[in-house]
Amino acid sequence: MGQILLFDYLNPFWWLTTAMVCFKLFAFVDAATRREDAYRAADKKTKQFWLIILGLALVLDLLLGSSVFALLSLAGLVGAIVYMVDVRPAIKQLTDGRGKGDRRNVGPYGPW
């Protein structure tokens, strides 16, 4: 049994597939914590669309097993990359990165 575990940890494809699953998990959690109206304000697809895409990618990897060579796994990875590179920065810019809206210049009596 020690040989099997040692082989898994030394296998570079095991590390790649683990990184892919962790990346998809991070993208899904990030999409779930963002506000719905921020997606519309950034002129991106809806929050439900991204949760479905990222959730399916993550669930398929966990149920069927992730692989660097599997087509569905790579398609899910492309979806997560598109979210992280295109959608997430647009939403963070609108919400000041906190998901709660821009509150830098808001005082007790309004802005300024």
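In this predicted model, helix α2 and helix α5 meet through a set of side-by-side residues: Met20, Phe23, Lys24, Phe26, Ala27, Asp30 and Ala31 of α2 are in contact with Ser73, Leu74, Gly76, Leu77, Ala80, Ile81, Tyr83, Met84 and Arg88 of α5. Sorted by class, the residues of this contact comprise 11 nonpolar, two polar and three charged ones.

The geometry of the pair can be described next. Helix α2 covers residues 12-33 and helix α5 covers residues 71-95; their axes come within 10 Å and cross at roughly 45°. Because of this angle, α2 is oblique to α5. The crossing of the two helices is left-handed.

Attention now turns to the charged residues. Side chains of opposite charge can pair when their charged atoms come close. Across the whole structure, a search finds six salt bridges.

One of them joins lysine 24 and aspartate 61, with a distance of 2.5 Å from N to O. Lysine 24 belongs to helix α2, whereas aspartate 61 belongs to helix α4 (residues 47-64); the two are 37 residues apart, and the pair thus links distant parts of the chain. Are these two partners buried or exposed? Both lysine 24 and aspartate 61 are buried. Lysine 24 also appears among the α2 residues that meet α5.

A further salt bridge is formed by the side chains of aspartate 37 and arginine 35, at 2.9 Å from N to O. Aspartate 37 has a relative accessibility of 34% and therefore counts as partly exposed. Arginine 35 has a relative accessibility of 31%, so this residue also counts as partly exposed.

Aspartate 86 and lysine 44 form another salt bridge, in which the closest N and O atoms are 3.1 Å apart. Here too, distant parts of the chain are linked: aspartate 86 lies in helix α5, lysine 44 lies in the loop between α3 (36-41) and α4, and 42 residues separate them. Aspartate 86 counts as partly exposed because its relative accessibility is 39%. Lysine 44, with a relative accessible area of 27%, is likewise partly exposed.

Finally, Asp30, Arg34 and Arg88 are joined into one network by salt bridges that share partners. Two members of this network return the reader to the starting point: Asp30 in α2 and Arg88 in α5 are among the residues through which these helices meet.

Methods:
Residues are numbered from 1 along each chain as its sequence is written. This is a predicted model: local features need pLDDT of at least 70, side-chain atom pairs count only at pLDDT 80 or more; totals for chains, interfaces and linings use all residues. Side-chain values use heavy atoms; hydrogens and water are left out. Axes are lines fitted to C-alpha atoms, for helices over the stretch in contact, and angles run from 0 to 180 degrees between N-to-C directions. Helices (H or I, at least four residues) and strands (E, at least two) are DSSP runs, numbered from the N terminus. Angles under 35 degrees count as roughly parallel, over 145 as roughly antiparallel, 65 to 115 as roughly perpendicular and the rest as oblique. A crossing is left-handed if the near helix is turned anticlockwise from the far one by less than a right angle, and right-handed if clockwise. Contact means heavy atoms within 4.5 Å. Ala, Val, Leu, Ile, Met, Phe, Trp, Tyr, Cys and Pro count as nonpolar, Asp, Glu, Lys and Arg as charged, and the others, Gly among them, as polar. A salt bridge is a side-chain nitrogen of Lys or Arg within 4 Å of a carboxyl oxygen of Asp or Glu. Buried means under 20% relative accessible area, exposed over 50%, partly exposed in between (1.4 Å probe, protein chains only).
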